[in-house]
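Ready to practise reading a protein model? Grab a pencil and try each task before you peek at the solution.

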Amino acid sequence: MSGLLPNPKFETSMMAISMSTSSLAFRIPSGFGCAVSTRMSNELGARRPKAAKLAARIVLLIAVVEGLLLSGIAVAARNVWGYMYTNEEEVVKYLAAIMPVLALSNFMDGIQGVLSGTARGCGWQKLGALVNLGAYYGVGLPCAVILTFVFHLGAKEL
């Protein structure tokens, strides 16, 4: 969709850096989600629901702390982060402007990653898949299209 914007080369460059940053940031909570999935299923299989509940709470706390830490780093490094990918000032400045939005998005994705792991550990894979599908494609994608193309906010909202 960024290719449909008025300056597609510029917008697509910023989107590529944003997606790379998001992928990097999601690796940590994704690992936590996998770990809690295994722990939850083991504890529930051993008929220890209190231990499973504790594991879910602990991993959620860890994800929140990790998300706040990474978001803080992303916002603090927003003026130099883009230089790891490009030397074009305009792209770096645009990325710096959207970094707070990207940090918030990454924080929320981290929470989603560990909650999805918790749901998998409980055997609720179908429910987790439906919630993720609805959140990303039923709500997120239409909102991105409306904010980008109707309200003309640019790739910042993609």
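Below are three exercises, each with a worked solution.

This is a predicted model, where local features need pLDDT of at least 70, side-chain atom pairs count only at pLDDT 80 or more, and totals for chains, interfaces and linings use all residues. Residues are numbered from 1 along each chain as its sequence is written, and side-chain values use heavy atoms, with hydrogens and water left out.

**Exercise 1. Work out where helix α4 bends, and describe the residue at that spot.**

Step 1: Find the helix. Helices here are DSSP runs of H or I with at least four residues, numbered from the N terminus. Helix α4 covers residues 89-121, which is 33 residues.

Step 2: Check its span. From first C-alpha to last, α4 reaches 45 Å, close to the expected 48 Å. That expected value is 1.5 Å times one less than the number of residues.

Step 3: Locate the bend, meaning the angle between axes fitted to the seven residues ending at a residue and the seven starting there. α4 bends by about 45° at I98, and the proline P100 follows within four residues.

Step 4: Look at I98 itself. Its relative accessible area is 5%, so I98 counts as buried (under 20%; exposed is over 50%, partly exposed in between, with a 1.4 Å probe and protein chains only).

Step 5: Go just past the helix. There, G123 has a positive phi of about 85°.

**Exercise 2. Trace the salt bridges that involve E43.**

Step 1: Recall the idea. Side chains of opposite charge can pair when their charged atoms come close. The rule asks for a side-chain nitrogen of Lys or Arg within 4 Å of a carboxyl oxygen of Asp or Glu.

Step 2: Start with R39. Its closest N and O atoms with E43 are 2.8 Å apart. These two sit four residues apart in helix α1 (residues 8-45), so about one helical turn separates them.

Step 3: Now try R48. E43 pairs with R48 too, at 2.7 Å.

Step 4: Put it together. The count comes to two salt bridges, and R39, E43 and R48 are linked in a network.

Step 5: Compare exposure. E43 is buried at 6% relative accessibility, whereas R39 is partly exposed at 44% and R48 is partly exposed at 45%.

**Exercise 3. Place L133 and say which surface patch it helps make.**

Step 1: L133 lies in helix α5 (residues 125-150).

Step 2: At 48% relative accessibility, L133 is partly exposed.

Step 3: L133 joins M1, L4, L130, Y136, Y137 and L141 in a nonpolar surface patch of about 750 Å².

Notes
Patch = residues over 30% accessible without salt bridge, like charges linked within 9 Å, V, L, I, M, F, W, Y side chains within 5 Å. Areas by Shrake-Rupley, 256 points an atom, 1.4 Å probe, with all protein chains shown as cover.
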